[in-house]
Amino acid sequence: MNKLVYYAGIYTVSAGLLKLAGFVLFLWLARTLSVDDYASFGLFYSLQTGLITFGLVGIVEAIVGLLKVHRSVEEQRVLFAVANSTLSITLVSSIVFALLVFVIFINQSEISFLTLACVLVSGSLMAYSTLQSQIVRLEEKHLSSLCFSFVLPLAGLVGSLVAFYHERTVQSFFLGSAIGLLISVAGLWISRVGFYGVADRLIETRPILLRVTPFIAVAFLGWLSGYGNNYVIKLLFDSKEVAKFTFAFGLSSIMQLIASALNQVWAPRFYRITHELPFEQVEKKNLKFYRIQGFVLGLFGGIVIAAFPSAMSMIKGNLVYYQSMTLELVLLFSSYVILSPYWHCSNYFLAYDKGPDIMRITVITSTIGIFAWIILMWWLGSIGIYIGFLTQMLLRSVGITFAAKKYWPVKVSWDGVVVGILLTSLGFIFSKM
């Protein structure tokens, strides 16, 4: 048990360090690149995240579901080999999708084919490393898993940093990332760290492919709800709004990191007590935790927003252009506070083996939310980008709350949400003072 706790701590710390390193690097990009170049970076980065998302779509979930009928070590190794082959199929499909997106949304004169190639290579390698980290983790080879989940992505970031230091362009960023990832993948392969088996025949991938199909809609809606929205913004507005959303959304990811860290601490305890204690006691503890989470997120968001204009003015460079985005940040940061009820209720669905219900709720609320988001952008202008994002998160929380009440008498901590939003709004008021 001590060993498991030790590795759980390392996974959490390493993920936090990667997020922090990526955030600092993206802040440097925003400070250095012109607004138009940063908008171009946002579109390429959106494509990279989409490639990772669609390349991995549902494969890990399919592996976990099939483990119950692949109990022996030999059967599991066959399953993992099939997963590797499945990734090659999904990645090819994702690359085709990425190329179509560029042909449809980007003018030919705006396309740097070397940059596009680097995005495709780096995105594919990141998808591969993520799958490898999950496979070797299922084999309980935690040091090998950390090589793929931490060392390899860090090598990509270091490659981007070095390349961008020498040549301050979007192309250099992705070229450095691709080189860093290629070198680290080669090093791990030479060291035989990872699982490199493949299926004897592609027909063997069918059981996994059939299981990943339901996840495609969820993956697409999730991507479109995040960086993928850059392509919708480009259709409706100019490149400056793409740059602003890329910057603001990247900054607000700090809230996601804090929420994930808090949930990682609480979820294991919740899953343990939910079948040991009476429901009323479990819900009381759950309610208390997510009320506190709402306060913490709101307080942190308020502090960041209050300090934001001064910090941008102090760092200077092109960050001064984003200095006035305090209202947009309030809406994005408040969106994560509003998600507290979603995390509160989703724990019950997972604990009682109702994962497919979460998928259906996510698809329905995201579809409605994205449709509302587009209408708000068209109706309200650029501020509709951020109001629409908040609307999406509100729909997601309300939707899962109503669904959860059909099974359990949950009591969502809306008071924590309200106080959290008020604290975030106080940060906005201080920023104007």
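# Exercises on an all-helix model

The chain exposes about 20,200 Å², and carbon and sulfur atoms supply 69% of that area. Keep in mind that this is a predicted model.

**Exercise 1. Work out how the radius of gyration of the chain compares with that of a compact globule.**

Solution. Start with the make-up: the chain has 16 helices and zero strands. Next, take the length. For 433 residues, a compact globule would come out near 22 Å, and the chain has 22 Å, so the two agree. For the extents, the C-alpha trace spans about 65 × 60 × 40 Å along its principal axes. Then look inside: buried residues account for 51% of the 433. Finally, check the contacts between residues at least 6 apart in sequence: 81% of them join residues at least 24 apart.

**Exercise 2. Find which residues touch the most other members of the largest nonpolar core, and which helix gives the most to it.**

Solution. That core holds 100 residues, and the ones touching the most other members are Tyr38, Phe41, Phe174, Phe247 and Tyr322. Helix α10 (residues 239-273) gives the most to this core, with 14 residues. There's also a second, separate core of 30 residues, with Leu56, Ala62, Ile63 and Leu125 among them.

Now zoom in on phenylalanine 247. Skipping neighbours within four places in sequence, Phe247 is in contact with Leu27, Ala30, Tyr38, Phe308, Met312, Leu319 and Tyr322.

Follow one of those partners, alanine 30, which sits in helix α1 (residues 2-32). Its relative accessible area is 0%, so Ala30 counts as buried. Leaving out residues up to four places away, Ala30 touches Tyr38, Phe247, Asn318, Leu319 and Tyr322. Leucine 319 is 289 residues away from Ala30 along the chain, yet their C-alpha atoms are 6.1 Å apart.

**Exercise 3. Classify the ring pair of phenylalanine 41 and tyrosine 45.**

Solution. By the ring-pair rule, the model has 35 aromatic pairs. For Phe41 and Tyr45, the ring centres are 5.7 Å apart and the planes meet at 20°, so the pair is stacked. The cut-off behind that call is a plane angle under 30 degrees. Where do the two residues lie? Both are in helix α2 (residues 35-56), four residues apart, which is about one turn of the helix. Phe41 and Tyr45 are both buried, too.

**Exercise 4. Decide whether serine 94 and serine 431 are buried or exposed, and find backbone atoms that their side chains reach.**

Solution. Take serine 94 first. You'll find Ser94 in helix α4 (residues 73-105). Its relative accessibility is 3%, so Ser94 is buried; the cut-off is under 20%. A polar atom of the Ser94 side chain lies 3.4 Å from the backbone oxygen of phenylalanine 54. The Ser94 side chain also reaches the backbone nitrogen of glycine 55, at 3.2 Å. Beyond its neighbours within four places in sequence, Ser94 is in contact with Leu51, Phe54 and Gly55.

Now for serine 431, which belongs to helix α16 (residues 414-432). With a relative accessible area of 14%, Ser431 is buried as well. A polar atom of the Ser431 side chain is 2.5 Å from the backbone oxygen of phenylalanine 428. Setting aside neighbours within four places in sequence, Ser431 is in contact with Ile305, Ala306, Pro309 and Thr326.

How values were computed
Residues numbered from 1 in each chain as written. Predicted model: local features only at pLDDT ≥ 70, side-chain atom pairs only at ≥ 80, totals over all residues. Heavy atoms only, no water. Buried < 20%, exposed > 50% of the residue type's maximum accessible area, 1.4 Å probe, protein only. Polar contact = N/O pair within 3.5 Å; in protein donor to acceptor, adjacent residues only side chain to side chain. Contact = heavy atoms within 4.5 Å. Phe/Tyr/Trp six-rings, centres within 6.5 Å; stacked < 30°, edge-to-face > 60°. Rg over C-alpha atoms; globule rule 2.2 N^0.38 Å. Areas by Shrake-Rupley, 256 points an atom, 1.4 Å probe, with all protein chains shown as cover. Core = buried A, V, L, I, M, F, W, Y, C linked by side-chain atoms within 4.5 Å.
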